[in-house]
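User: I would like a close look at one part of this protein. Please describe how two of its helices pack against each other and what lies in the loop beside them.

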Amino acid sequence: MKTEQQEVFEPPAEIIDDAWVKDWRATEAAAAADPQAYWEARAGELEWSKPWDKVLDESGAPFYKWFTGARTNIVTNAVDRHLRTARRNKLALIWVGEDTSKVRTFSYFALNREVERWANILLAMGVEKGDIVTIYLPRIPEIVFAMLACAKIGAVHSVIFAGYSSEALNARIDDSESKLVITADGSWVNGKVFPLKDIVDAAVKFSPSVENVVVVRNTGTDVTMDTVRDHWFDDLAKLPIAKGHCETAQLDSEDPLFILYTSGSTGKPKAILHTHGGYQVGTYTTLKYSFDIKESDRWWCTADPGWITGHSYLVYGPLLNGATVFMAEGSPTYPYPDVFWQLVEYYGITALYTAPTAIRTLMRFGDAWVNRHDLSSLRLLGSVGEPINPEAWRWFHHVVGKDRCPIIDTWWQTETGMFQITTVPTMPQKPGSAGRPVFGQEAAIYDESGHEVPDGTEGFLVLKNPWPAMMRTLYKDPDRYVETYWEKYPGVYLTGDAAKRDEDGYIWVIGRTDDVIKVSGHRLGTAEVESALASHPAVAEAAAIGLPHEVKGNAIHCAVILNTGYEPSKELEESLRQHVAETLSPIAKPDGFDFPEKLPKTRSGKIMRRVLRARALGQDEGDLSTLENG
Ligand code: WTA
């Protein structure tokens, strides 16, 4: 196997002395011996208004249920219970704008006031338990308030990343039949306004379900307000209905908390459904025991709340642990490539959780940007979203962490809700390996026919044990849930990733085995990119693949068959790129194009992406016996 595997970083003594889990071998062994007992003990650290009858109900597997019969609400544990302790006066949220002179802070007490205000307004607008509320907001405190307010009253939030186009937003609103959309006038993106309200207007024009749109004033941009449908949040907040206490609804443990759309191998995004009881136990536990977060931590997760990382580890996990959440609106390089380090230094960030793409981007600007700042407050670093290459790992460890901060690489998915493979800070770390299954989990690497492969051999990564924060189903599509994740190997969860395990039990994730591409850590489906391209007048047919990219991890490369009358050119490529940005999202812009005469297909008409990839990389095309044409 790889030589990097010999490279092992032992945890520093001061980290072990202070850790929640000092002897990880003992914790791992105890949890492996009785996973349900492990999870029951963790659930016991949180508040429930009625205890559970059963920790895990497997009777309807793979539709697993956790903590059945219990009543709870994630907001009781993330906010309300802190108000009864001295934590009420500590900072729950520090927010810094893209213009870093704009700062807003909220104690747990003030956070609760904001959430109550939002919840009162939602109730007054007729939002009921089980209703799906679409949230299309930028990285501003209101996204946290709106999510928590939905949860508080038993509504289900559906957060759509505020970089998706009106078409993508429309498809997600329609699928969920949301009656209410929460948005802002605009968002700041590298000094420019991104017109969120205009995008919502275009999206809801064709969404019959939407009755109300609540608009947060953020950029101060002029927007068109529909007199019946649209409401400024500022105006609603002044009304008497917004004032006063709002009770947190006590719900069944299995009541839905949110749906989150994510890309799969077809053009239609999947709505992953998570519930209150299990999700709160999973996110609370993994941030506490795997990441070693304490309430004294100032925790900065750089992800957007529009993705699962933002849901689990910007909003819910840290608040469940009573930590201080640090949230920054801007990107890592705007206005200068040391903005991250300036914020770490000034705000005394203790744990920084970010993506390999951000690390690789910052690394290219050189060490001097980092070295001009005092980063001694940092004690832990984290990585998520895609494999971290050993070179980026070493840079993060040495230049940012000054060889003192363990790097917690966390492998997980929208579907898993919480970390699945990671190292805890007291474990030895191997650059490039995500680590070991979390306590209570067992992972394996299977061959095509479901046998475990020998250590060091690549295969399909599967998870053998159910876990509390697992998705419960695909909203409105339970058959697809069973087919996608549980049918290839009955009884175990298919992750969709390829991986190897080494002789120490560490997992080395290689990447996706399906038609999902991780571009800069963002999850995209080739079919979504293809259908965006297909609506361009020049395009007859298109195939998208992921190719390795030094900074982004993967870049999108497209083979396009042109309609007659169109010729390949740089201008056409740019027009195709813009078209994908406008019809799907700027994050999905293809890097490169080929314009072949034909696409390689099997006799049954399936595009052979393997052949396209080999052609684009100038490699051997392999076995072409099933190819229909060249
Ligand atoms: C990939 C993001 C390697 C993986 C939390 C997975 C990773 C997909 C890692 C899920 C990691 C995530 N190392 N690969 N630490 N974390 N992945 O749903 O391919 O956006 O299947 O969830 O990201 O992407 P998603």
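Analyst:
**Helices α10 and α11**

In this predicted model, helix α10 (residues 276–290) packs with helix α11 (residues 308–320) at an angle of about 85 degrees, and their axes are 8 Å apart. Angles of 65 to 115 degrees count as roughly perpendicular, so α10 is roughly perpendicular to α11. On the α10 side, the contact is made by Tyr279, Gln280, Thr283, Tyr284, Thr286 and Leu287. On the α11 side, His311, Ser312, Tyr313, Tyr316, Gly317, Pro318 and Leu320 take part. The residues of this contact divide into 7 nonpolar and 6 polar, with no charged residue among them.

The loop between β16 (298–301) and α11 holds aspartate 304. Its relative accessibility is 8%; because buried means under 20%, aspartate 304 counts as buried. The side chain of aspartate 304 reaches the backbone nitrogen of glycine 306 at 2.7 Å. When neighbours within four places in sequence are left aside, aspartate 304 is in contact with Arg139, Phe161 and Gly310.

As for the wider setting, an unreviewed UniProt entry places the feature "domain: AMP-dependent synthetase/ligase" at residues 87–472. Over residues 87–472, the chain is 30% helix and 23% strand, and the C-alpha atoms at the two ends are 33 Å apart.

Technical notes. Residues are numbered from 1 along each chain as its sequence is written. This is a predicted model: local features need pLDDT of at least 70, side-chain atom pairs count only at pLDDT 80 or more; totals for chains, interfaces and linings use all residues. Side-chain values use heavy atoms; hydrogens and water are left out. UniProt positions are given in the numbering used here, feature names are shortened, and annotations may be inferred rather than shown by experiment. Helices (H or I, at least four residues) and strands (E, at least two) are DSSP runs, numbered from the N terminus. Axes are lines fitted to C-alpha atoms, for helices over the stretch in contact, and angles run from 0 to 180 degrees between N-to-C directions. Angles under 35 degrees count as roughly parallel, over 145 as roughly antiparallel, 65 to 115 as roughly perpendicular and the rest as oblique. Contact means heavy atoms within 4.5 Å. Ala, Val, Leu, Ile, Met, Phe, Trp, Tyr, Cys and Pro count as nonpolar, Asp, Glu, Lys and Arg as charged, and the others, Gly among them, as polar. Buried means under 20% relative accessible area, exposed over 50%, partly exposed in between (1.4 Å probe, protein chains only). A polar contact is a pair of N or O atoms within 3.5 Å; within protein, one must be able to donate a hydrogen and the other to accept it, and residues adjacent in sequence count only if both atoms are side-chain atoms.
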